[in-house]
Amino acid sequence: MSKLSSIFQPFSLGELDIPNRIVMAPMTRGFSPNGVPSDGVADYYRRRAEHNVGLIVTEGVGIDHPAAIGDSGLGDSNQPVLHGEGALNAWRNIVEEVHAVGGLIAPQLWHQGPLRVNGTGLYPEAISCRPSGIWGPTNGSTPFGAGLMEQVSAPTRPMSEEDIADTISAFERSAANAKHIGFDAIAIHGAHSYLIDAFIWEGTNKRSDRWGGSLQNRLRYGVEVIKAIRAVSGNLPIIYRFSQWKQSDFDAKIAASPAELEEILGTFADAGIDMFDASTRRYKTPAFPDFDTSLSLAGWAKKLSGKPSIAVGGIGLNKDIYTSFATGDSATSDNINDVNERISKGEFDFACLGRALIADPEWVTKVGRNVPCQSFSMEQLGSLY
Ligand SMILES: Cc1cc2nc3c(=O)[nH]c(=O)nc-3n(C[C@H](O)[C@H](O)[C@H](O)COP(=O)(O)O)c2cc1C
């Protein structure tokens with residue numbers, strides 16, 4: 001048996017049979033002018049499916065709400081949406097291309113919430129959705145520069161009941177579109193201080209109504225989104241990405257203890273989540289070292305929720321994402337052996353790879369044959385190879 005026997009084991013997530021434990025991470029690429037994926041996007045995903053990625057999670061896809069996407073502080077633009085004839089036709093074609101080579105694909109439903117810089121995106125006039133009218137603390141450890149802080153620090157109108165209802169039904173419409181087009185699962189972006197996370201995190205949610213205050217109240221928005229998506233998704237598995245860290249504050253936490261994480265994930269599991277994707281910069285950093293000196297966030301997610309989980313962060317590479325953004329490249333690493341061992345011991349179920357799969361579309365087949373993979377460089381973000 002190969003040394004990497006565990007990552008090549010199939011896994012059944014509900015009725016979805018996933019052939020191995022490699023998930024392609026959601027990665028915004030910006031090749032979808034006016035929200036419509038260009039032809040190259042289909043080739044890009046098909047190539048990874050052809051080379052045996054178990055499940056592709058697409059780049060963040062803006063839900064059907066005018067303030068869903070824009071520049072979230074890093075100069076990003078041209079992200080796709082999942083509504084309107086042009087975008088839906090393009091996504092249908094992408095799904096068909098991935099299926100034609102035996103792959104599986106889930107869209108990552110995304111609303112940038114407070115991080116969307118006002119005046120950007122497909123509908124620049126739409127006011128960004130901030131639960132409490134604030135972007136978040138502007139003194140956190142963050143990759144954003146002082147210019148952006150100045151731009152986003154002025155308070156805006158907190159979200160109204162109507163805004164809350166509108167964004168929930170936008171998640172629902174986009175999920176219904178995903179189901180209709182033939183996607184295999186739904187992934188929800190609930191991390192990094194985007195909209196759902198901004199309700200959970202006390203740094204962005206200062207509300208005193210039923211959407212703020214206690215942890216259960218701060219979870220209410222996520223619960224309503226998950227229930228709305230569940231109602232229109234039939235038997236499609238729903239994957240929820242969460243994070244402790246925020247783009248606006250790397251040191252932030254939504255759960256100060258395993259007990260709080262258990263409450264968050266348990267509440268979302270009860271609402272309809274089938275698998276948790278624990279977003280970290282380094283997959284094996286112990287999440288609560290005072291309680292366990294080696295258990296990763298994905299490990300805690302699985303243990304506390306009873307649901308399968310996905311680990312992410314620097315798998316296959318020797319630098320984490322922000323170190324490689326700062327220094328421009330990242331060599332390969334054989335940490336997949338450690339990941340394989342953690343999967344075999346049941347710590348988590350899937351390994352999610354971001355930059356390694358941008359660098360090398362053949363990553364899965366090469367690793368299976370013990371052939372060296374390409375290293376990552378920032379230049380690779382400029383094209384859709
Ligand atoms: C170019 C790029 C775009 C990204 N866009 C998204 C995104 O749209 N949604 C998301 O949840 N994470 C996004 N991420 C984070 C990745 O999903 C992943 O968590 C991160 O890159 C760490 O994995 P890695 O070390 O394997 O690259 C992005 C990362 C990169 C490199």
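## Pocket, ligand and cavities

The largest pocket is lined by 40 residues, and those that lie nearest its centre are P26, M27, T28, I321 and F325. Four elements each give two or more residues to the lining of the largest pocket, namely the strands β5 (105-110) and β11 (350-353) together with the helices α9 (321-327) and α11 (355-359). The model is a predicted one, and the volume computed for its largest pocket is about 900 Å³. Sorted by class, the lining of the largest pocket holds 19 nonpolar, 15 polar and 6 charged residues.

Where does the ligand sit? The ligand is placed in the largest pocket, with 18 residues around the ligand, of which P26, T28, G314, G354 and R355 come nearest. P26 and T28 are thus named both among the residues nearest the pocket centre and among those that come nearest to the ligand. By class, the shell around the ligand consists of 8 nonpolar, 8 polar and 2 charged residues.

Polar contacts to oxygen atoms of the ligand involve both side-chain and backbone atoms of the protein. From H189, a polar side-chain atom lies 3.0 Å from an oxygen atom of the ligand. For G314, by contrast, a backbone N or O atom is the partner, at 2.6 Å from a ligand oxygen atom, and for G354 a backbone N or O atom likewise lies 2.8 Å from an oxygen atom of the ligand. On its own the ligand has 600 Å² of accessible area, of which the protein covers 91%.

Apart from the pocket, how many cavities of 30 Å³ or more are there? The count comes to 2 cavities, which are set side by side in the table below.

| Cavity | Volume | Lining by class |
|---|---|---|
| Largest cavity | about 50 Å³ | 7 nonpolar, 3 polar and no charged residues |
| Second largest cavity | about 40 Å³ | 6 nonpolar, 1 polar and 2 charged residues |

The lining of the largest cavity is made up of G62, I63, H65, P66, A68, I69, V81, H83, L122 and Y123, and no charged residue is counted in that lining.

The second largest cavity is lined by P26, V57, Q108, A187, I188, I239, Y240, R241 and D277. Two strands, β6 (186-189) and β7 (238-243), are the elements that give two or more residues to the lining of the second largest cavity, and the largest share, 3 residues, comes from β7. Among the residues that line this second largest cavity is P26, which is also listed among the residues that come nearest to the ligand and among those nearest the centre of the largest pocket.

Technical notes
Residues numbered from 1 in each chain as written. Predicted model: local features only at pLDDT ≥ 70, side-chain atom pairs only at ≥ 80, totals over all residues. Heavy atoms only, no water. Near = heavy atom within 4 Å. Polar contact = N/O pair within 3.5 Å; in protein donor to acceptor, adjacent residues only side chain to side chain. Areas by Shrake-Rupley, 256 points an atom, 1.4 Å probe, with all protein chains shown as cover. 1 Å grid on protein atoms, 1.4 Å probe; cavity = no way out; pocket = protein on both sides within 12 Å on 5 of 7 lines; lining within 4 Å. Sits in = over half its atoms within 2 Å of the grid points. Nonpolar A, V, L, I, M, F, W, Y, C, P; charged D, E, K, R; others polar. Points joined across faces, edges and corners; volume = space filled by probe spheres on them.
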